[in-house]
Amino acid sequence: MPEYRQAVYVISVAAELAGCHPQTLRIYERKGLLTPSRTPGGTRRSSEDELERLGLIQVLRADGVNLEGVKRILEMRDEIGRLRHQVARLRRLLGEAEERYQRGAKPRVGFPGPGKHLPDVMRPDLDD
């Protein structure tokens, strides 16, 4: 597991590193802005990723964005990350298909086999 994803910081240490009160982290968790890992005993543990996210929350709050706005910004940021990942995957698959075509390989027709479907893209509900 990459270091930045290992949940190692207990709430008091995470709060101290972020320069805020542990209660602030609890509020952010209740609002869905942070999702720290939990030990089997229920203790919150935060990772470097989580601390980075907390830093962004603090910057947005300092710029006057309310918690609901912060939540929406974080959701859009996460969606952009998922879409970038999907675009990179599609580019790789297209490149592989172009290489097969250049080699004169027979084109694949129909749907990919089991487990080879493209991932679904989460789409916003446009009726809101």
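A salt bridge is taken here as a side-chain nitrogen of Lys or Arg within 4 Å of a carboxyl oxygen of Asp or Glu. By that criterion, Arg92 forms a salt bridge with Glu96, with 2.9 Å between the closest N and O atoms. The model is a predicted one, and seven salt bridges are found in the structure.

The pair Arg92 and Glu96 is separated by about one helical turn, because the two residues stand four positions apart in helix 4. Arg92 is partly exposed, its relative accessible area being 44%, and Glu96, at 31% relative accessibility, likewise counts as partly exposed.

A second pair consists of Glu29 and Arg44, whose closest N and O atoms lie 2.4 Å apart. Glu29 belongs to helix 2 (residues 22-30) and Arg44 to strand 3 (residues 44-46), so this salt bridge ties together parts of the chain that are 15 residues apart in sequence. Arg44 has a relative accessibility of 22% and therefore counts as partly exposed. The pair is also part of something wider, since Glu29, Arg38 and Arg44 are linked in a network of salt bridges.

A third salt bridge joins the side chains of Glu52 and Arg77, at 3.9 Å from N to O. The two partners link distant parts of the chain, with Glu52 in helix 3 (residues 48-62) and Arg77 in helix 4 (residues 67-102), 25 residues apart. Glu52 is exposed, with a relative accessible area of 54%, whereas Arg77 counts as partly exposed at 39% relative accessibility.

The three pairs described above are set out below.

| Salt bridge | Closest N to O distance |
|---|---|
| Glu29 and Arg44 | 2.4 Å |
| Arg92 and Glu96 | 2.9 Å |
| Glu52 and Arg77 | 3.9 Å |

Which residues does Leu56 touch, not counting those up to four places away in sequence? With that exclusion, Leu56 touches Leu74 and Arg77, and Arg77 is the residue that meets Glu52 in a salt bridge. Leu56 is itself found in helix 3, while Arg77 lies in helix 4. At 22% relative accessibility, Leu56 counts as partly exposed, because the buried class is reserved for values under 20%. A further distance concerns Leu56 and Val70, which are 14 residues apart along the chain and whose C-alpha atoms are separated by 9.0 Å.

Key: Residues are numbered from 1 along each chain as its sequence is written. This is a predicted model: local features need pLDDT of at least 70, side-chain atom pairs count only at pLDDT 80 or more; totals for chains, interfaces and linings use all residues. Side-chain values use heavy atoms; hydrogens and water are left out. Buried means under 20% relative accessible area, exposed over 50%, partly exposed in between (1.4 Å probe, protein chains only). Contact means heavy atoms within 4.5 Å.
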